[in-house]
Amino acid sequence: MAPSLSKASSGVSGLVDSHNQSPISLEGSNFTANGHVFLSDVPDNITVTPSPYGSSSSSPDKSLSPVGSFVGFDAVESNSRHVVPIGKLKNIKFMSIFRFKVWWTTHWVGSNGQDIENETQMVILDKSDSGRPYVLLLPLIEGSFRACLQPGTDDNIDICVESGSTKITSAGFRSVLYVHVGEDPFNLVKEAMKVIRVHLGTFKLLEEKTPPGIVDKFGWCTWDAFYLTVHPQGVWEGVKGLVNGGCPPGLVLIDDGWQSIGHDADPITKEGMNCAVAGEQMPCRLLKFQENYKFRDYVSPTGAPNKGMGAFIKDLKEEFNTVDFVYVWHALCGYWGGLRPNVPGLPETEVIKPELSPGLKITMEDLAVDKIVNTGVGLVPPEMADQLYEGLHSHLEKVGIDGVKVDVIHLLEMLCENYGGRVDLAKAYFRALTDSVKRHFKGNGVIASMEHCNDFMFLGTEAICLGRVGDDFWCTDPSGDPNGTFWLQGCHMVHCAYNSLWMGNFIHPDWDMFQSTHPCAEFHAASRAISGGPIYVSDAVGKHNFPLLKRLVLPDGSILRCEYYALPTRDCLFEDPLHDGKTMLKIWNLNKYSGVIGAFNCQGGGWCRETRRNQCASQFSHMVTAKTNPKEIEWNSGKNPISIEGVQVFALYFSQSKKLVLSKPAENIEISLEPFDFELITVSPVTILAGASVHFAPIGLVNMLNAGGSIKSLAYDDFEGSVQIEVKGAGEMRVFASDKPRACKIDGKDVGFEYKDLMVNVQVPWNSPSGLSTMEYLF
C-alpha cells in the first residue's frame with residue numbers, strides 16, 4: 001500500500017511512490033489537482049493516500065489509471081457516526097448526485113460547499129481554463145462504515161461516515177472518499193469506478209455483465225392498470241389488447257398484487273391483498289411464498305398443469321408467442337412490511353422498527369417510509385436470508401417465472417442496529433439474493449428498484465445488472481398539484497439522465513414505464529426510445545396510443561435499442577435543466593452506425609432545498625433555446641465506438657420537424673422548444689463513395705423514434721458505386737445522398753423510391769419472421 005499522507009507530513013512529494021506520483025496533493029491546508037486548489041482550509045486530521053492501483057510496480061492491475069487518491073481522517077473518539085469537514089469549496093461549479101428520497105437520487109448543481117445537498121453520493125468539480133482538471137469526489141465503504149457528503153459550515157464539505165449501529169464504532173479511516181482527476185468527465189467516472197472495483201472487490205462493473213433479454217423487448221407492466229387488484233383475466237386481456245393492436249409485448253411484468261399478504265391483526269388464513277388504493281398494502285406482511293388466491297385459483301382450459309400460477313404462465317406464453325419473459329414484483333424483504341412472524345412455512349422473522357439516520361430524516365417526505373416506520377418490518381435474520389430468497393425464487397422458477405423486479409431495496413440501513421450495522425446486513429442480504437438469482441434466474445433476471453444509494457451499488461451489483469435510474473413515473477402529482485402532470489415528467493427525465501452517469505457503471509439504466517395515453521406520453525416515449533434501456537408501458541387495459549407505440553415497437557415485440565446508455569451532453573453537466581429557465585436537457589447515445597441527440601425542455605419544477613421536496617417552479621416553464629452539434633456525441637463510448645476520424649460532414653435528421661441538415665463536426669445548430677416538447681436528431685457521418693463521387697449517410701426508418709437503431713449492417717462498395725444496408729423493421733427508410741440513385745433494391749428486387757431534399761425515401765415492408773430486409777442503393 002502506498003504511504004498515507006496527512007497535513008502534518010513533511011516532504012509530501014518525497015513520500016509518494018515515485019512510480020505512482022498522484023496529481024492530487026495536500027499542500028499546506030489546500031487540496032490541489034495538478035497544482036490547482038480545489039478545496040481549501042483542510043483540517044489537520046485529514047489523511048491522503050495515493051492510490052496503489054495502476055502503474056506502480058506493486059500494483060495488481062497495470063491497466064488502472066494511477067491518478068487518484070484515497071481520503072480519510074482521524075477522530076478524537078470512536079463512534080458509530082462521524083461528520084467531518086474535508087475542506088472548503090469556493091467558486092468552483094459542481095454537479096452532484098444526492099438522495100432526495102430514501103430510495104431515489106437526482107442531480108444537483110452549485111459552486112460552493114454550502115450548495116452541496118445532504119446524502120450526496122458523488123460530486124464532480126468542473127475543470128478550469130487555467131488547467132485544473134475535472135475532479136471526482138466519490139464517498140465509499142470502508143469496513144463496516146458507509147460514507148456520503150453533505151454541506152458543512154462556512155462552505156466546508158463534510159463527509160458523513162456511519163455504521164448504522166451504535167454497537168459498531170471506529171475512530172480512524174483511511175479510504176472513505178476516493179478522489180480522481182481527468183480531462184474527460186465521462187472517462188473520469190468510468191476510470192474511477194474501475195479503481196474502486198479492484199479496491200473493494202464487492203461488485204462487478206456493467207461491462208463485465210450481460211443484461212437480461214428483456215432490454216430488447218417491449219414490455220407491459222400491470223401496476224397503473226390494476227394496482228393491487230391485478231388478476232389473471234386482467235393480465236390476459238391486457239396482453240391480448242396490445243397484440244391485437246400490433247404492439248405485442250415480449251415482457252409481461254406482474255407488479256405488486258400477486259402475493260399472499262395480510263395485516264398483523266388478521267388471522268394468517270385471511271389474505272388481504274385486494275386493496276384498491278396504492279399505499280394500503282404497505283403495512284401488510286407476506287404470509288406465504290406462493291401466489292394469492294386470485295392466481296392460485298386460475299383453472300386452465302387446456303389441461304395439465306391445469307391450475308395455479310404455473311398453468312396461467314404456461315397458457316399466457318403459449319397463446320401469445322411473443323411473450324418470452326414474465327417477471328413478477330417482490331420487495332427485498334419479501335414484502336413492504338417484510339414477513340409475518342410465526343407463520344408455518346416461512347423462515348424465522350422479527351419485526352424491527354426502522355430508525356432513520358439524521359441524513360434520511362431531511363429527505364423528502366414519503367408515504368412508503370411513513371407506513372414502514374409506523375408498522376415495522378418483519379426481517380428475516382441475515383444468516384437466514386438465503387431461506388427467504390430460496391423460498392420465493394424456487395417456487396417462481398417452478399411456475400415458469402423468468403425473473404423478478406426487486407423493489408424497496410434501500411431499507412436495510414434502517415433495520416441494522418442489532419445486525420452488525422448497515423454494511424454487514426447489506427452484504428448478507430445481497431449475497432443471498434445474488435446466489436438465488438444465479439440459481440433460479442440465470443444470474444441476471446432482475447430489475448433493481450428503489451435502490452439509489454452507494455451501499456447497493458458497491459455491495460449489491462456482483463450479478464444484478466439492470467436497475468431503475470429514476471423515481472417512479474408519476475402520471476399525476478401525489479401531493480395534489482395539478483401542474484405536476486407536466487413538471488414531474490421533466491423531473492423524471494433529469495433523474496434518469498444524470499443518475500446514469502453514476503449508476504450506469506454498475507447497472508444497465510432502466511428509465512421506468514410510462515403510459516402511452518398520458519398528456520406527456522410522446523415526451524416520455526422519445527426519451528425511452530434513445531435511453532438504451534428496456535421500454536415498457538403501464539397502460540390500462542384497452543387504453544393505448546397505438547400510433548405512438550408503433551414508433552417504439554416492432555411487430556415481433558422487439559425494440560430498436562441503442563448500443564450504449566443515454567447520458568447528458570457535456571454542456572449540460574453543470575447546469576440546471578429543471579429550474580434555471582434557460583438550460584435544455586440534451587442527452588446523447590450511439591446506434592451501430594450513427595449517433596443520436598435528444599433535446600428536451602424540462603423546465604418547470606424540481607427539488608426545493610427550503611421545503612425539502614420536489615415542487616412546481618412555473619416561472620421557469622417557457623420556451624428554451626439551445627445549440628447542438630455532432631461533437632456533443634461521445635463517439636468513442638461503449639463496446640462499439642464509432643470512429644469519426646476524417647469525417648468532415650454529418651447528416652442530421654430531425655424527427656419532429658422531419659428536416660435534414662448537413663453540418664460540420666463543430667458547427668452549431670439552434671433548437672427552440674416549448675415546455676415539455678422535444679426533438680430527436682439522428683447524427684450520421686457522411687461517407688464519400690469514391691467511384692461515384694456521391695456523398696452518402698444512412699438515416700434509418702424515420703417512422704420510428706430511434707430511426708438510426710433500425711440499421712443493423714452497412715457496407716460501401718466504391719468499385720460498384722453502391723451501398724448495402726440491412727434494416728430491421730418496416731416503414732419509411734431514408735438516407736442522405738448528394739445524387740439521385742439510378743436504382744434501389746430490397747432483397748435483390750427493384751423497388752420504387754422518392755428522391756427529395758437530398759433524401760432517398762423507400763417504403764420497407766415487414767419481412768417475417770426476422771423483420772430484416774437488405775436495402776441496396778446503386779449510383
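Helices (DSSP runs of H or I, at least four residues) and strands (DSSP runs of E, at least two residues) are numbered from the N terminus. The model shown is predicted, so that local features need a pLDDT of at least 70 and side-chain atom pairs a pLDDT of 80 or more, while totals for chains, interfaces and linings use all residues. Residues are numbered from 1 along each chain as its sequence is written, and side-chain values rest on heavy atoms, without hydrogens or water.

**View 1. The lining of the largest pocket, with K101, M282, D472, W474 and P478 nearest its centre.** A pocket is an open set of points on a 1 Å grid over the protein atoms alone, where a 1.4 Å probe fits and protein lies on both sides within 12 Å along at least five of seven lines; lining residues have an atom within 4 Å of a point. In the largest pocket, 43 residues make up this lining. Two or more residues each come from helix 3 (223-226), helix 8 (367-375), strand 23, helix 12 (484-503) and strand 32 (613-616). Among the elements, helix 12 gives the most to this lining, namely five residues.

**View 2. The second largest pocket, whose centre has H508, E563, Y564, G638 and K639 as the closest of its lining residues.** The lining of the second largest pocket is formed by 31 residues. Two elements appear in this view as contributors of two or more lining residues, helix 2 (185-200) and strand 40 (711-717). Helix 2 gives the most to the lining of this pocket, with five residues.

**View 3. Helix 13 (residues 521-529), largely enclosed by the rest of the structure.** Because eight of its nine residues are buried (under 20% relative accessible area with a 1.4 Å probe, protein chains only; over 50% is exposed, and partly exposed lies in between), helix 13 is described as largely enclosed. The buried residues of this helix are A521, F523, H524, A525, A526, S527, R528 and A529. Contacts here are heavy atoms within 4.5 Å, and what covers these buried residues includes helix 12, strand 27 (535-537), helix 14 (546-549), strand 30 (595-600) and strand 37 (678-685).

**View 4. The open sheet of five strands in the order 38-39-42-46-45.** The strands of this sheet pair in the antiparallel sense, where two strands pair if DSSP finds at least two bridges between them. At the edges are strand 38 (687-689) and strand 45 (754-756), each of which pairs on one side only. Strand 38 is joined to strand 39 (residues 694-701) by antiparallel pairing over three bridges, and in this pair T687 stands opposite F696 of strand 39.

**View 5. A second five-stranded open sheet, with the order 40-41-47-43-44.** The pairing in this sheet is antiparallel. Strand 40 and strand 44 (749-751) each have a single partner strand and stand at the edges, so one side of each is left without a neighbour in the sheet. Within the sheet, strand 41 (residues 722-728) and strand 47 run antiparallel and are joined by seven bridges; a place to look for this pairing is Q724, which stands opposite E776 in strand 47.

**View 6. The hairpin of strand 34 and strand 35.** Strand 34 (residues 650-654) and strand 35 (residues 659-663) run antiparallel and are joined by five bridges, with L652 standing opposite V661 in strand 35. Four residues lie between the two strands, and in this turn K658 has a positive phi of about 55°.

**View 7. Backbone exceptions at N91, V408 and P769.** Most residues other than glycine have a negative phi, and most peptide bonds are trans. N91 is not a glycine, and yet its phi is positive, about 60°; this residue belongs to the loop between strand 7 (81-88) and strand 8 (94-99). With a relative accessibility of 67%, N91 counts as exposed. V408 also has a positive phi, near 55°, without being a glycine, and its place is the loop between strand 23 (403-407) and helix 10 (421-440). At 1% relative accessibility, however, V408 counts as buried. Finally, S768 and P769 are joined by a cis peptide bond, with omega about -5°, and P769 lies in the loop that runs between strand 46 (759-764) and strand 47 (772-778).
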